[in-house]
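Welcome! Here are some exercises with worked solutions to try with the model open beside you. Take your time and look at each part before reading on.

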Amino acid sequence: MNKIKLMSPQLANLIAAGEVIERPSSVVKELVENSLDAGASNIVIRVEEAGKKLISVDDNGCGMSKEDAQLAFKRHASSKVKTVYDLNYISTLGFRGEAVPSIASVSHFEMITSDGMEGTKIISDPDKDLIVESSSLKRGTICKISELFFNTPARLKYLKSERTENLSIIETCQHLSLGFPNVSMSLYIDNRLIFQTSGRGDLLEAISLIYGPSLAKACLYIESKKEDFDYSGYIVHPQQFSRSTRYDILTFLNNRYVYSPKIQKAIIDAYKDYLPPMRYPIAIVKINVDNALVDVNVHPSKKEVRLSCEDNLSQDLNRQVAFGLLKTRHEFSNVDIPQVETRRIETPALNSEVTFSDSKQTEEVISESNPTLFDEFNKEEMMDMNIAVQPNSIVNEKEEIKARNIDIPIMHPIGQVLGTYIVCDSDQGMYIVDQHAAHERINFEKCEREFCESNDRVIPLFPLVFDLTPHRKSNLDKEHIEVLANLGIIVSDFGNASVKVEEIPRHLSSPSDRSTIEEIIADVLEDNKVDLVKIKRLAIASKACKMSIKANKVMNIQEQVLLLKELFSCKNPLNCPHGRPTVIKISQAELEKLFKRSGF
């Protein structure tokens with residue numbers, strides 16, 4: 001007796017359904033994609049009881065003839081792939097011919113369709129033959145799915161709660177709406193309208209309808225056109241909106257929503273200067289690539305794809321997002337770039353009686369023209385803190401601000417809190433500055449300039465020998481040695497588990513930079529494929545962090561003033577290199593609310 005037997009069509013369909021139809025949102029996705037392939041300009045989706053009771057998709061697409069409607073319920077029947085060439089050049093959302101028969105094998109399926117010439121109604125039951133009837137219907141198709149997973153109790157049992165399944169359906173429809181803003185889509189759940197897009201083809205309008213007008217106002221447009229690809233879309237201002245997950249980094253390839261780790265990482269890396277750890281950006285990017293360069297047939301739900309130009313695309317996207325984010329520099333949450341002044345406050349002696357009088361009697365405002373600000377400044381102490389006196393950069397910054405017509409509030413540093421935070425008074429409220437984060441930003445941009453401007457190398461006065469793990473030592477090949485050389489570090493093999501550094505960049509020649517050099521070598525040798533830009537940035541950030549003043553460092557008023565002036569001459573004074581904020585503002589209204597003074 002033969003052990004191998006052919007599966008029955010019903011069993012084959014159930015197995016295919018296990019791959020294609022994971023949950024109700026999978027049904028919605030497959031049916032809406034069929035409607036889009038049919039050229040529909042208006043699609044209405046209705047769901048009841050999270051899709052278990054009913055899923056209905058109504059479109060005004062091209063519809064089908066009676067013969068085509070019946071063939072649609074056969075496995076591997078497709079109007080989109082006819083030859084091997086078609087498989088290598090897929091331009092439609094669906095192509096495998098599995099969606100309709102897979103859905104029909106686990107539900108009661110009713111389809112009414114018309115190509116404008118004749119109408120057809122088909123009723124499908126997994127255990128019965130198709131019922132085919134004539135029907136009158138305007139051009140288009142209506143698919144009604146009821147009692148989903150009625151004959152697969154295990155699948156039905158392990159569906160999530162109605163709320164979770166509804167959220168998955170909403171997310172699926174949102175992705176389809178953003179991928180096709182030129183198609184009007186309406187989603188009803190339990191007879192309640194969840195969202196509706198206009199179909200006018202405006203992506204920003206679709207974003208506004210789905211995410212809300214506040215987020216749409218915070219969007220920044222990006223675009224790029226290259227020989228192998230082009231893309232456009234919107235990134236969201238990092239200080240106005242961010243997320244705790246990556247789910248709102250959406251990429252669409254030829255209008256199809258796809259997940260690409262490299263593309264997603266490129267966007268996240270561009271935001272590193274602007275978001276704190278464990279916070280992620282919001283971005284909607286639409287990519288267009290020749291279909292011959294894309295293989296979408298690598299995942300059952302076609303969510304992941306292979307892309308020939310993915311590396312070049314990721315690098316270009318990272319640059320464009322980073323360039324777009326430069327427009328957000330100097331923008332605080334409700335804060336313009338402050339003009340820094342200092343206030344000298346007479347401190348009463350200990351145990352003396354303190355009286356509150358007019359502040360004008362107890363303060364002296366030191367203006368910018370007053371030379372005593374820098375004359376009284378302890379330069380030696382500040383050199384130990386690695387803060388350079390660069391009044392020219394301050395003047396240039398003010399000229400740039402004036403050219404942009406920004407209203408500059410006056411900030412008066414008045415002291416420190418916990419030896420870590422500089423508190424500043426202002427007509428608009430109170431500013432609090434993290435001195436370590438601020439100095440780290442200053443040093444990061446200073447080191448970044450040094451890395452870019454100088455290629456000089458020096459021979460270490462004392463030999464630098466570092467021990468490596470077996471994994472890293474095995475990666476010490478020609479390619480990784482060349483990567484290190486591009487960073488200005490010349491290394492050679494030095495025994496079983498060691499490496500010798502023969503030359504180093506001039507800007508890393510300080511004895512305190514030894515640990516930074518060791519970190520760079522370890523990072524380069526950690527992976528088989530090295531991201532040179534990432535390694536260089538990590539090296540700069542590491543050096544900047546070590547150079548910066550730490551918490552609990554007491555600073556006098558003059559030191560605070562100079563630190564703030566240097567901070568606001570940076571390209572991005574908003575965040576430290578790790579994405580944490582350098583300055584926060586508590587407005588007068590917020591203070592009055594805290595002290596219950598609102599309304600007075």
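A crossing of two helices is left-handed if the near helix is turned anticlockwise from the far one by less than a right angle, and right-handed if clockwise. This is a predicted model, in which local features need pLDDT of at least 70 and side-chain atom pairs count only at pLDDT 80 or more, while totals for chains, interfaces and linings use all residues. Residues are numbered from 1 along each chain as its sequence is written, and side-chain values use heavy atoms, with hydrogens and water left out.

**Exercise 1. Two helix pairs**

Task: Describe how H10 packs on H11, then do the same for H2 and H7.

Solution:

Step 1. Two packed helices are described by the angle between their axes and the distance between the axes. Helices (H or I, at least four residues) and strands (E, at least two) are DSSP runs, numbered from the N terminus. Axes are lines fitted to C-alpha atoms, for helices over the stretch in contact, and angles run from 0 to 180 degrees between N-to-C directions.

Step 2. Helix H10 (residues 261–270) meets helix H11 (residues 310–325) at about 25 degrees, and their axes are 8 Å apart. H10 is therefore roughly parallel to H11. The cut-offs are these: angles under 35 degrees count as roughly parallel, over 145 as roughly antiparallel, 65 to 115 as roughly perpendicular and the rest as oblique. H10 and H11 cross in the right-handed sense.

Step 3. Now find the touching residues, where contact means heavy atoms within 4.5 Å. On the H10 side they include Ile-263 and Ala-266, and on the H11 side they include Leu-313 and Leu-317.

Step 4. For the second pair, helix H2 (residues 24–37) packs on H7 at about 20 degrees, with axes 8 Å apart. This makes H2 roughly parallel to H7. H2 crosses H7 in the right-handed sense. Among the residues in this contact are Val-28 and Val-32 of H2, with Ile-169 and Leu-176 of H7.

**Exercise 2. Reading a sheet**

Task: In what order do the 8 strands of the open sheet stand, and which strands are at its edges?

Solution:

Step 1. Strands of a sheet pair through backbone hydrogen bonds, either parallel or antiparallel. Here, two strands pair if DSSP finds at least two bridges between them.

Step 2. The open sheet has mixed pairing, and its 8 strands come in the order S5-S4-S3-S6-S2-S1-S7-S8. The edges are strand S5 (131–134) and strand S8 (192–196); each has a single partner strand, so one side of each has no neighbour in the sheet. From one strand to the next, the twist averages 10 degrees.

Step 3. Look at strand S1 from both sides. S1 pairs with S7 in the parallel sense over 6 bridges, and Asn-42 has Ser-184 of S7 as its bridge partner. S1 also pairs with strand S2 (residues 54–59), in the antiparallel sense over 6 bridges. There, Glu-48 stands opposite Leu-54 of S2.

Step 4. Another antiparallel pair is strand S3 (residues 108–114) with strand S4 (residues 119–124), joined by 6 bridges. Phe-109 faces Ser-124 of S4.

Step 5. Finally, helix H7 (residues 162–179) lies across strand S1 (42–48), strand S7 (184–189) and S8, at about 175 degrees to S7.

**Exercise 3. Positive phi**

Task: Where do Glu-147 and Asn-254 lie?

Solution:

Step 1. Most residues other than glycine have a negative phi. Glu-147, however, has a positive phi near 55 degrees, and Asn-254 has one near 50 degrees.

Step 2. Glu-147 sits in the loop between strand S6 (140–146) and helix H6 (153–157). Asn-254 sits in the loop between strand S11 (249–253) and strand S12 (256–258).

Step 3. Glu-147 is partly exposed at 41% relative accessible area, and Asn-254 is partly exposed at 24%. The scale is: buried under 20% relative accessible area, exposed over 50%, partly exposed in between (1.4 Å probe, protein chains only).

Step 4. In the hairpin of S1 and S2, with 5 residues between the strands, Glu-49 also has a positive phi, near 50 degrees.

**Exercise 4. A glutamate and its contacts**

Task: Is Glu-440 buried or exposed?

Solution:

Step 1. Locate Glu-440 in helix H15 (residues 435–453). Its relative accessibility is 1%, so Glu-440 counts as buried.

Step 2. Leaving out residues up to four places away in sequence, Glu-440 touches several residues, including Ala-541, Cys-576 and His-578. Glu-440 and Cys-576 are 136 residues apart in sequence, yet 6.0 Å apart in space, C-alpha to C-alpha.
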